[in-house]
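Biologist: Please take a close look at the aromatic residues of this model and at what surrounds them. One connected account would be best.

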Amino acid sequence: MKPSLRRVVAAATTLALGVVGLAAAALATAPAAQAASLVSVPSFGSNPGQLGMSLFVPDSLPAKPAVLVVVHWCTGSAQAIYDGSQFDELATRHGYIVIYPQANRSGSCFDVSSSESLVHGGASDPTSIVSMVRHVQQQYTTDTSRVFVTGVSSGAMMTEVLLATYPDVFAAGSAFAGVPATCFSTTSPPPGTGTQAPWNSDCSGGRLVRTGQQWGDLARAAYPGYTGARPRVQLWHGSQDTTLSYVNHGEAIKQWTNVLGVSETPASTDSPAANQTRTRYGATGDRPPVEAITFQGVGHNLPVDAAAAIHFFGLDSTTTPPPTTPAPTTPAPTTPAPSTPPPTTPAPGAGCTVAYSANQWNTGFTASITVTSKVALTGWTLTWTFPSGQTVTQAWSSATTQTGSLVSAKNVEWNSSIPAAGSFQFGLNGSHTGTNTAPTDFVLNGVPCSRG
């Protein structure tokens with residue numbers, strides 16, 4: 001099992017956006033990626049940002065598959081975000097292609113500050129990334145209407161820049177701990193350097209506060225004259241982020257609600273997990289124009305919920321999701337909530353298997369749990385006992401509670417239905433006092449499971 005992204009991201013505590021280098025690479029045909037592996041693509045066309053490119057192509061693809069771009073954090077790499085996230089595993093399940101750009105400048109940060117990075121067709125990183133997308137579209141005959149982007153920290157900043165500079169390429173984006181598009185813009189070089197400043201302290205510190213109209217105008221100015229459809233946006237941020245201030249979360253909401261022409265007032269507010277607050281703008285369904293999730297009490301190194309991101313994109317469906325229905329302007333009559341069907345209980349002996357892995361340090365750990373059930377489920381609850389008295393501090397892709405040593409994890413709204421012989425995965429962070437023995441007594445909907 002790959003290491004948790006939270007532990008990988010935790011090493012990236014210092015951001016330093018590098019200065020853009022200008023170069024061009026000759027167009028050449030790259031070899032097709034080997035099945036179920038991360039493969040370097042040495043040449044993919046125009047590459048003014050001098051980026052590297054890696055590609056993951058599942059063993060099996062539908063006709064005209066979707067494409068997802070996954071962008072790493074400062075000091076990170078394509079390999080690190082591939083190892084530490086589940087976007088490739090979900091690609092194998094759902095059949096889409098994943099592109100992993102690689103920053104090659106000092107600090108391994110992406111350029112989101114120079115004037116060339118903040119304009120459509122500019123000579124910098126966004127143009128290189130779009131060149132990767134077009135290369136894959138040609139090589140694999142993909143669905144050009146289903147191109148998505150996600151990233152962490154510097155990669156989240158790049159996600160929002162790409163949505164502004166190339167709205168004609170991307171259908172949606174999901175930014176984990178980023179800032180509004182153009183927020184990091186630096187218009188003058190540091191004194192005596194003659195080079196573009198890579199870091200904007202006013203933006204990182206949350207001191208750039210603008211109206212939605214002002215932020216929207218800046219995003220629209222990144223592609224002057226563009227009048228087509230705009231990509232949907234999902235935003236994630238920790239309320240205690242001191243690297244990229246949580247103020248940026250609210251500023252990004254202002255920007256993208258303005259760009260997409262929906263109200264800054266949430267159409268709905270809920271709590272998908274114990275420490276999360278989710279607001280949706282312009283609609284109340286799973287794929288609204290703008291969705292924003294706050295991790296309460298969490299800093300910059302927030303967990304990356306890959307399954308929730310691809311659900312927002314619609315990549316866990318074989319068809320493009322229908323257009324989002326705008327939220328009604330007047331309250332609809334109150335309707336009693338439909339009764340929730342009880343979880344399907346596997347027949348005795350039907351069987352379930354649990355794969356549990358953990359990465360730990362002196363007082364804490366991150367665990368990944370994958371459950372496979374031989375029978376279809378319409379809802380699930382997995383329980384277990386932590387044998388060393390470990391304590392869950394945070395969970396994602398599940399609603400997890402703990403009483404003493406007994407832990408109970410339940411499905412969330414988007415992963416309740418599991419087909420026969422299908423599996424689901426979720427993760428958690430926890431603390432321990434020096435011993436972190438793995439649990440073995442997993443029970444799914446009342447039926448004991450074997451260990452995988």
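Modeller: Y356, F365, W380, W384, F386, F424, F426 and F442 make up one aromatic cluster. The model is a predicted one, and what follows should be read as such.

Some members of that cluster can be placed on strands. Y356 falls within β11, residues 352-360, and F365 within β12, residues 364-373. F424 and F426 fall within β17, residues 423-431. β11 and β12 run antiparallel and are joined by 9 bridges; in that pairing, A355 has T370 of β12 as its bridge partner. β12 is also antiparallel to β17, again through 9 bridges, with A367 standing opposite L428 of β17. β12 is mostly covered, with 9 of its 10 residues buried. In a regular strand, side chains alternate between the two faces of the sheet.

The structure as a whole holds 16 aromatic pairs. In one of them, the ring centres of F56 and Y82 lie 6.0 Å apart with the planes at 45°, so this pair counts as tilted. F56 belongs to strand β2 (residues 52-56) and Y82 to helix α2 (residues 78-84), so that the pair links distant parts of the chain, 26 residues apart. Both F56 and Y82 are buried. A further pair is F176 with W236: the centres are 4.9 Å apart and the planes at 15°, so the pair is stacked. F176 sits in strand β6 (residues 172-176) and W236 in strand β7, with their positions 60 residues apart in the chain. F176 is buried, at a relative accessible area of 0%. W236, at 3%, is also below the 20% cut-off and therefore counts as buried.

Two arginines lie over aromatic rings. R210 is over the face of W215, 4.6 Å from the ring centre. The charged end of R232 is over the ring of F312, at 4.3 Å from its centre. W215 also touches a loop residue: T182, in the loop between β6 and α6, contacts L118, W215 and L218 once neighbours within four places in sequence are left aside. T182 has a relative accessibility of 12%, so it counts as buried.

Aromatic residues also appear in the nonpolar cores. The largest core has 52 residues, and I99, F170 and W256 have the most contacts inside it. Helix α5 supplies the largest share of this core, 7 residues. Apart from neighbours within four places in sequence, W256 contacts E160, L163, A164, A181, V233, L235 and V290. A second, separate core of 37 residues includes A66, Y96, V152 and F312; F312 is also the residue whose ring lies under R232.

W256 is one of the buried residues of α8, together with N248, H249, E251, A252, I253, K254, Q255, T257 and V259. In total, 10 of the 13 residues of α8 are buried, and the helix is mostly covered. Its buried residues pack against α5 (154-165), α6 (201-204), α7 (212-220), β7 (232-238), β9 (276-281) and β10 (290-295). The length of α8 (residues 247-259) is as expected: at 1.5 Å a residue its 13 residues should span 18 Å, and the end C-alpha atoms are 19 Å apart, which agrees. Just after α8, G261 has a positive phi of about 70°.

Another helix, α4 (residues 125-140), passes the check on length too: its 16 residues should span 22 Å at 1.5 Å a residue, and the end C-alpha atoms are 23 Å apart, which agrees. Because 12 of the 16 residues of α4 are buried, the rest of the structure largely encloses this helix. The buried residues include D125, P126, I129, V130, M132, V133, H135 and V136. Among the elements covering them are β2, β3 (66-71), β4 (96-102), β5 (147-152) and α5. β2 is the strand that holds F56 of the tilted pair, and α5 gives the largest share of the largest core. After α4 comes T141, with a positive phi near 50°.

Terms used:
Residues numbered from 1 in each chain as written. Predicted model: local features only at pLDDT ≥ 70, side-chain atom pairs only at ≥ 80, totals over all residues. Heavy atoms only, no water. Helix = DSSP H or I, 4+ residues; strand = E, 2+ residues; numbered from the N terminus. Expected span 1.5 Å × (residues − 1). Buried < 20%, exposed > 50% of the residue type's maximum accessible area, 1.4 Å probe, protein only. Contact = heavy atoms within 4.5 Å. Phe/Tyr/Trp six-rings, centres within 6.5 Å; stacked < 30°, edge-to-face > 60°. Lys NZ or Arg CZ within 6 Å of the ring centre and 35° of its normal. Core = buried A, V, L, I, M, F, W, Y, C linked by side-chain atoms within 4.5 Å. Pairing = 2+ DSSP bridges.
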